[in-house]
Amino acid sequence: MGDCFIYTNSTNRLNYLVGDQTYTISHFDHPMYLLGYIQRDSRIYLCDKDVSVTSFSLSLSVVEYQTLVLRGDMESASELLPSIPAAESNKIARFLEGQGHKELALSVATDPEHKFDLALALNQLPTALRSEERRVGKE
């Protein structure tokens, strides 16, 4: 799909490749075979040797965003960011951190522990303190 290559491998993993980065979607107990991706559903469909079909979610907007960031097109990526589901925010934050965009990752992250770690790495102590207070408040 687009600039993304979805595949299963010999270690029974479902992966996708964007640019030179590989991401694991799921691990399996037995070999699975890729049937395809349906964009309307944002789902990857697979089956096993008994033809039992299963599916996994893969948001096209997340893949498009990752592709734009890897290409260095941060302007287009920022325009696409609002269309990414909120449930994918932490995935995007971890991706951005891995690409060296820690400040942007901090602005996207919703997980208090991740925000805390990013804020410390960026020497933004007031932000780290607020993140830690939110995390402790939830416990």
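## Cysteines

C47 is buried, with a relative accessible area of 10%. In this predicted model, C4 is buried as well, at a relative accessible area of 6%. The two residues do not form a bond with each other, because the sulfur of C4 is 19 Å from the closest cysteine sulfur, in C47, which is too far. Seen from the other side, C47 takes part in no disulfide, and the nearest cysteine sulfur, that of C4, lies 19 Å away.

A disulfide requires a pair of cysteine sulfur atoms within 2.5 Å. By this rule the count is zero disulfides.

## Overall architecture

The chain contains six helices and six strands. Read along the sequence, these elements follow the pattern β-β-β-β-β-β-α-α-α-α-α-α. Along the principal axes, the C-alpha trace spans about 55 × 35 × 25 Å.

Of the 139 residues of the chain, 35% count as buried. The accessible surface of the chain amounts to about 8,200 Å², and 49% of this area belongs to carbon and sulfur atoms. Among contacts in the chain with a separation of 6 or more, residues 24 or more positions apart account for 28%.

## Surroundings of T8

T8 is placed in strand β1, which covers residues 4-8. With a relative accessibility of 27%, T8 counts as partly exposed. When neighbours within four places in sequence are left aside, T8 is in contact with R13, L14, F28, M32 and L46. M32 also appears in a polar interaction: the side chain of T8 reaches the backbone oxygen of M32 at 3.4 Å.

A further distance relates T8 to a distant part of the sequence. T8 and L96 are 88 residues apart along the chain, and their C-alpha atoms are separated by 25 Å.

## Nonpolar surface patch

Which residues form a nonpolar patch on the surface? The patch consists of L35, V51 and V53, which together have about 300 Å² of accessible area. One of these residues, V53, lies in strand β6, residues 53-57. V53 counts as exposed, at 53% relative accessibility.

## Salt bridges

Side chains of opposite charge can pair when their charged atoms come close. How many salt bridges does a search of the whole structure find? The search finds two.

One salt bridge joins the side chains of D41 and R40, with an N to O distance of 3.1 Å. The partners are classed as follows: D41 counts as partly exposed at 31% relative accessibility, whereas R40 counts as exposed at 71%. The class of R40 follows because exposed means over 50% relative accessible area, and the value for R40 is 71%.

In the other salt bridge, the side chains of R94 and D111 meet at 3.6 Å, N to O. R94 belongs to helix α3 (residues 89-98), and D111 to the loop between α4 (102-108) and α5 (112-121), so the pair ties together parts that are 17 residues apart in sequence. R94 counts as partly exposed at 47% relative accessibility, and D111 also counts as partly exposed, at 24%.

Technical notes: Residues numbered from 1 in each chain as written. Predicted model: local features only at pLDDT ≥ 70, side-chain atom pairs only at ≥ 80, totals over all residues. Heavy atoms only, no water. Buried < 20%, exposed > 50% of the residue type's maximum accessible area, 1.4 Å probe, protein only. Helix = DSSP H or I, 4+ residues; strand = E, 2+ residues; numbered from the N terminus. Contact = heavy atoms within 4.5 Å. Polar contact = N/O pair within 3.5 Å; in protein donor to acceptor, adjacent residues only side chain to side chain. Patch = residues over 30% accessible without salt bridge, like charges linked within 9 Å, V, L, I, M, F, W, Y side chains within 5 Å. Areas by Shrake-Rupley, 256 points an atom, 1.4 Å probe, with all protein chains shown as cover. Salt bridge = Lys/Arg side-chain N within 4 Å of Asp/Glu carboxyl O.
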